[in-house]
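Let's practise reading a protein structure through its charged side chains. Have the sequence and the 3D view ready, and try each task before you read its solution.

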Amino acid sequence: MLWSKTYIPTLRESPADAELISHKMLMRGGYIRKLQAGVYNYLPLMQRVLHKTINIVREEMDRSGAIEITMPVLHPAELWQESGRWHVMGKEQMRMKDRHNHDMVLGGTHEEVVTNVIRGELRSYRQLPLNLYQIQVKFRDEIRPRFGLMRGREFLMKDAYTFDTDLETHKVAYNKMVDAYFATFNRCGLAVRKVESDTGAMGGSMAHEFMVIVDTDSGEEVIYFCNKCDYAANVEKAESIDPKKIASETAKPLEKVPTPGAATIEQVTEFLKVPAERLVKTLLYLADGKPVAALIRGDRQINETKLRNHFGCLELVMATADVVEKVTKAPVGFAGPIGLKDIRIVADPEVMALTNFVVGANENETHYINVNLKRDFDVKEVATIRNAQVGDICSHCKEGTLSAQKGIEVGNTFNLGLKYSKALNAKFIDAEGKEQLFWMGSYGIGVTRTIQATVEKYNDEKGIIWPATMAPYQVELVPLTLQDDKLRAASFELYDQLNRAGVEVLMDDRDERAGVKFNDADLIGIPLRVNVGSKSLEKGEIELKERAKPEVGAVKQESAVETIKQTIARQIAKPQPF
Ligand code: ATP
Ligand code: MG
């Protein structure tokens, strides 16, 4: 391809709204352009990267035995009502009405549709196992679309769905997808970590996320790792062991004390001169509209996923000030469990281990000190509802400590169990002639997010450094000038030779200064650059420069094509550029 014949609108400056380096580079390199928040055009270079990435995903899915289909984006609302998720997805689900005023959904995931595809028709256990996948656009009205392709409202996903006769065969299918995911991300040059995650709106009992670990703020997820065993989990799921009951101090008499001007944890600990771990926060929420309270230690963060799972509610929101005032009869900041009636209260096990602690007194500017469980109040519900913290003891090996890193979630795998087959009444006939529900799994890869994660991982101050497996072209050919006839002829000849040899080559045939071309070449990040300049030509040579390496090499013109092909083969075999 000639640069002059395609469309690569590079920019000198980063757009103001681009925060991440990867977003800036994709914009500056002329890969993408924004149409509206979370919705992007994929320009010619991006289109080629998409094809490369999709091919990798498709090859690995096919190799694992999955079968490709394409399902519609436009779904009837009835199907989502049948599964019960019409009410669960909330505002994230893009909805519209057709001309007959029928509710429609622009699909953000396809569990319902794929179950509908097989139900009533896939009837025999002999047809199982089955894995159907597609590479398809998804719509989600994300609250905060941001970071370019990382969190879009329209994006590309590979989604696969497995159907099995029982849990054992389901596990085989699940592990095959896990293997396919590692193979896929490896070919994209990405080292991923598989971490445990919450099953959320998907249902089911087992779930993993595949994370690219990053050291920048591009990682929207925090992942906890054990330093002794291979336990890794995301922040929603990560668990540390609960403390044993502290060798109890003798209970001191309960006292109500004024705490003027002290409502926050910092203010109260400062005022009463007690450490935050001796304070119990009483947090009020509305669980499906009903007020509930959660008790955790003052030095801990509440984990709303764990709390939602405990209450088994669809919607969990922080109570507003007026609800807090109504329930506690005190302004915000002074809620406490003593005397709190008629609502469900759940306490974290760490709270259960405390003696002589501090709580709000449900009175303005007042706290109780020397509070003790059982004697002063009782809780019926105990559940781990706190976030794990760095330094906590691992819940798996019970020896190691947890540390945290940031990550980008590029894929995930879910065991759906019988949730969708049950809700949508999808059954097959087993070997004994009995009707059974399908065991299902669902498996996503964010294709466009993976591409941007790769850019986030592989760049320098000059631009992108693509793994050869994903690069839009294998080689960029740069004639240093087009004014010199000999140089021009040699460049076009090499360009033709490379094309005939099946090499994907982009030639920068613009009448620009060499410096401008080199800058753009570094920016768009093609892994191998070939310079044709007068000085080397006089020696019968051309220059080779790998994007990921500092040095420039020279080869004889007659062996150029062969050396280029070998370099590309080496780069593809080891896709991690550094
Ligand atoms: P997240 O927690 O980031 O919102 P999710 O749990 O909603 O992700 P899934 O519904 O399982 O993700 O989707 C499968 C994959 O699709 C994710 O692992 C991610 O790579 C990608 N993905 C999800 N949401 C988006 C989005 N808004 N933009 C781009 N890619 C996305
Ligand atoms: Mg999401």
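Here are four exercises on this predicted model, each with a worked solution.

**Exercise 1. Is K306 buried or exposed, and which side chain of opposite charge is nearest?**

Solution. Start by finding K306 in helix 7, which covers residues 304-311. Next, check its surroundings: K306 is buried. Now look for a partner. The nearest side chain of opposite charge belongs to E239, 5.2 Å away. A salt bridge needs a nitrogen within 4 Å of a carboxyl oxygen, so this pair does not qualify, and K306 has no salt bridge. Finally, list the neighbours. Leaving out residues up to four places away in sequence, K306 touches E236, K237, A238, E239, T384, I385, R386 and A388.

**Exercise 2. Which parts of the chain does the salt bridge between E399 and K228 tie together?**

Solution. First, the distance: the side chains of E399 and K228 meet at 3.8 Å, N to O. Then place both residues. E399 sits in the loop between strand 20 (381-382) and strand 21 (402-417), and K228 in the loop between strand 11 (221-226) and strand 12 (232-234), so the bridge joins parts that are 171 residues apart in sequence. Last, look at the surface: E399 is exposed at 55% relative accessibility, and K228 is exposed as well, at 58%.

**Exercise 3. How many salt bridges does a search of the whole structure find, and where do R297 and E350 lie?**

Solution. The search finds 40 salt bridges. One of them links R297 and E350 at 3.5 Å, N to O. R297 is in strand 15 (residues 290-297) and E350 in helix 9 (residues 349-352), so this pair connects parts 53 residues apart in sequence. Now check burial: R297 is buried, with a relative accessible area of 16%, and E350 is buried too, at 4%. To finish, widen the view. R297 and E350 belong to a network of salt bridges that also includes D299, R300, D348, R386 and D392. You met R386 in the first exercise, as a residue that K306 touches.

**Exercise 4. How many residues of helix 11 are buried?**

Solution. Helix 11 spans residues 447-457. Count along the helix: 10 of its 11 residues are buried, which leaves it mostly covered. Among the buried ones are V447, I451 and V455, and also R449 and E456.

How values were computed
Residues are numbered from 1 along each chain as its sequence is written. Chains are lettered from A and ligands numbered from 1 in the order in which they are written. This is a predicted model: local features need pLDDT of at least 70, side-chain atom pairs count only at pLDDT 80 or more; totals for chains, interfaces and linings use all residues. Side-chain values use heavy atoms; hydrogens and water are left out. Helices (H or I, at least four residues) and strands (E, at least two) are DSSP runs, numbered from the N terminus. Buried means under 20% relative accessible area, exposed over 50%, partly exposed in between (1.4 Å probe, protein chains only). Lys and Arg count as positive and Asp and Glu as negative; His and the chain ends are not counted. Contact means heavy atoms within 4.5 Å.
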